[in-house]
Protein chains: 4
Amino acid sequence: MKEKITDHSIRLFEKKGFSETSIQDIVDTLGVTKGTFYYYFSSKEELLMNIHLGYIDELLTSQMQILENNQISCKQQLFEIVYLLIGSIELKGSSAKIFFREMRNLSEDRLTQIVQKRDQFRMNVERLIREGMEKGEFRADLNAAIVTFGILGAANWSYQWFNPNGNSSDREVAEIFVEMILKGIQLN
Amino acid sequence: MKEKITDHSIRLFEKKGFSETSIQDIVDTLGVTKGTFYYYFSSKEELLMNIHLGYIDELLTSQMQILENNQISCKQQLFEIVYLLIGSIELKGSSAKIFFREMRNLSEDRLTQIVQKRDQFRMNVERLIREGMEKGEFRADLNAAIVTFGILGAANWSYQWFNPNGNSSDREVAEIFVEMILKGIQLN
Amino acid sequence: MKEKITDHSIRLFEKKGFSETSIQDIVDTLGVTKGTFYYYFSSKEELLMNIHLGYIDELLTSQMQILENNQISCKQQLFEIVYLLIGSIELKGSSAKIFFREMRNLSEDRLTQIVQKRDQFRMNVERLIREGMEKGEFRADLNAAIVTFGILGAANWSYQWFNPNGNSSDREVAEIFVEMILKGIQLN
Amino acid sequence: MKEKITDHSIRLFEKKGFSETSIQDIVDTLGVTKGTFYYYFSSKEELLMNIHLGYIDELLTSQMQILENNQISCKQQLFEIVYLLIGSIELKGSSAKIFFREMRNLSEDRLTQIVQKRDQFRMNVERLIREGMEKGEFRADLNAAIVTFGILGAANWSYQWFNPNGNSSDREVAEIFVEMILKGIQLN
DNA sequence: TATGAATGAGCGTTCATTCAT
DNA sequence: AATGAATGAACGCTCATTCAT
């Protein structure tokens, strides 16, 4: 039941927004009463936190697996991470949207926790960029921090428009993005 | 008074969110009463729409000026547009955040209007990319649509992290982004 | 309207208790809606605090008038204070009951305020007892603090049983109490 | 288990009040679940009734023992009863507070029962006063009913302030009270 | 004996909106 | 141009109680 509530909530939060979705809305789609909700969650915010954690924790785990793989180059690792982000929209798109949109509705304490994890993900990418610069895979004159923001921006923004059922697959989009990031769009 | 209400609302909506800001909150900061608000606006949503229009219309106007300037290359136009977006965060950061975050709170009719303008801005960039491809400024094998999403993603995302008072200026960030987009980060 | 709400609330709180009386109960007796209540009071607790203050402040003022009257003896002042307490049940009986029963429902801050005033009333009586002991009106071997508790207990308790429409008037009860307190019930 | 529930409830009801204490609060302190509570009690009110009965029945029994003792004077009996009341605060203070504060939360039927017993206790004191008047122990001109209210008020009120760990013991307080009641505070 | 899931009614509070003045 | 009183619907949440197991 807890899982059912979470799943239905994710769908509703994505469609209508967190503040705009009432507990009543959630339980109505399940045919249960509000009491049932509060049997499983101590507050609406706790449910939101669960959704946030479910998303970011899985992302961090996957990112770790990519970064620990020493057999592939930094370029390839970068591709995998971009692919991870865009692909996650196909699999967990609703959670992704909630993650990026509804942070403001967490309490200060919980927000700190989530921001920490989000920053950790970013710092891991920044470190990868630096490593690639040292190893000669990337140009040595990059501003790693800002380039990282650019890469993550391109990838994360896709939750706003990427349609898993559209013309391009997540892999294609990731390839186009990484190609652009690596080689640039300029004709030499 | 209408302008004063709008200005104070922008600040509040940015800080606390649209749904989380009450009419009472707004009029309290102005020392007037709720009746005054409804003398100038027919609903809270109309105010939100005004803020949205104020932001996107100005952006479209500026974009037009850049695109109509035939004396500069496509590359330069692209730079100007990225700079426009990041720079707008310094000048109109609150409106930018509201624009990207609070679309959901518009009625369907009004949303359509705004989405149209937002898409227009994007299609203008896509057309610029295609023009550059034809003119030989950009590589001819690009997927213009997706590359455009990537560029706008990198630029728009900056409203989430860019701090006008931080280490890098808006111009520097724009330069780093456009350099990355044009030349790529790979060491040849 | 604020006064009307307060008056009706006092009656309801007395009859059913503070926790057991809902805002809905209150506004129903007035034929208005809950919104109206919150237009005048920021919370249910604020209303309770108003009732508490209305009672104790008036009592303290009256007590002060008695104690500042230098033309009457300590004995007479004691009588006036007991009479004040019992008489207040006739006039403000409901408030009195609420005052003694519903302190627990105030927030810590507000409780402190009220307890201070209640203690001030008691300390004023204790001081009167000491003064009477020094002046030779009262026996010199009294434990002023505990005797004060006894006197106030006898008087305050009357809110539990005293019926203004019963056989004895407030003045008679006060006279009987003070006679008992002064002369004792023992036959010498 | 039933006793354990009762004991923990008494402590909670005293601290937070009956209405403000939930069944969940009670079972949480015991590490059991709500079902367990309802296995032993048919309702929250039944539990409250049990607490009331436990207090007043014991008090009535003790009072009876005092009144049946023909070897001591009325004065002494009066002392014993006052001592019984104040002393009960030390031993059963929580129950005492609940008894005086939470009557309102009983159903009409149960309230009648309790009020009867409470009145019985009072009438026993009133009868004692009359007996003392007849026997020449007390002044013959007393209004027995109201004097009784005064005595019980002084004694019962002590649950509001008497601290068993404070400067004066229950016995001392009882002695001071009875001395005041018997001899008065006036210097002859 | 005790649990755990679920209910249903109610609570205090918020808030966008209306409207006579 | 602005106020102040009032509404009504909704919201997050609580809680005594039920009941199959």
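1. The surface near DNA strand F, in what is a predicted model, is made of 11 nonpolar, 13 polar and 5 charged residues. Helix H3 (34-40) of chain A and its counterparts H3 (34-40) of chain B, H3 (34-40) of chain C and H3 (34-40) of chain D each contribute at least two residues to this surface, and H3(C) gives the most, with 5 residues.

2. Among the 29 residues around DNA strand F, those that come nearest are B:Thr36, B:Tyr39, B:Tyr40, C:Tyr39 and C:Tyr40. Of the strand's atoms that come within 4 Å of the protein, 66% belong to sugar and phosphate.

3. Individual polar approaches to DNA strand F involve both phosphate and base. A polar side-chain atom of B:Thr36 lies 2.2 Å from a phosphate oxygen of the strand, and an N or O atom in the side chain of C:Thr33 is 3.0 Å from a phosphate oxygen, whereas for D:Lys34 the partner is a base oxygen, 3.3 Å from a polar side-chain atom.

4. Turning to the protein chains, 45 residues of chain A are in contact with 46 residues of chain B, and the area buried between them is about 4000 Å², with carbon and sulfur atoms giving 63% of it. On the chain A side, A:Arg139, A:Trp157 and A:Ile185 lose the most area to chain B, together 20% of what that side buries.

5. Across this same A and B interface there are 6 salt bridges, and A:Arg104 forms a salt bridge with B:Glu20 in which the closest N and O atoms are 3.6 Å apart. The side of chain A that touches chain B receives the most from H7(A), with 9 residues, and by class that side has 22 nonpolar, 11 polar and 12 charged residues.

Notes: Residues are numbered from 1 along each chain as its sequence is written. Chains are lettered from A and ligands numbered from 1 in the order in which they are written. This is a predicted model: local features need pLDDT of at least 70, side-chain atom pairs count only at pLDDT 80 or more; totals for chains, interfaces and linings use all residues. Side-chain values use heavy atoms; hydrogens and water are left out. Contact means heavy atoms within 4.5 Å. Buried area is the accessible area (1.4 Å probe) that two parts lose on being put together, summed over both. A salt bridge is a side-chain nitrogen of Lys or Arg within 4 Å of a carboxyl oxygen of Asp or Glu. Helices (H or I, at least four residues) and strands (E, at least two) are DSSP runs, numbered from the N terminus. Ala, Val, Leu, Ile, Met, Phe, Trp, Tyr, Cys and Pro count as nonpolar, Asp, Glu, Lys and Arg as charged, and the others, Gly among them, as polar. A residue is near a molecule or strand if one of its heavy atoms lies within 4 Å of it. A polar contact is a pair of N or O atoms within 3.5 Å; within protein, one must be able to donate a hydrogen and the other to accept it, and residues adjacent in sequence count only if both atoms are side-chain atoms.
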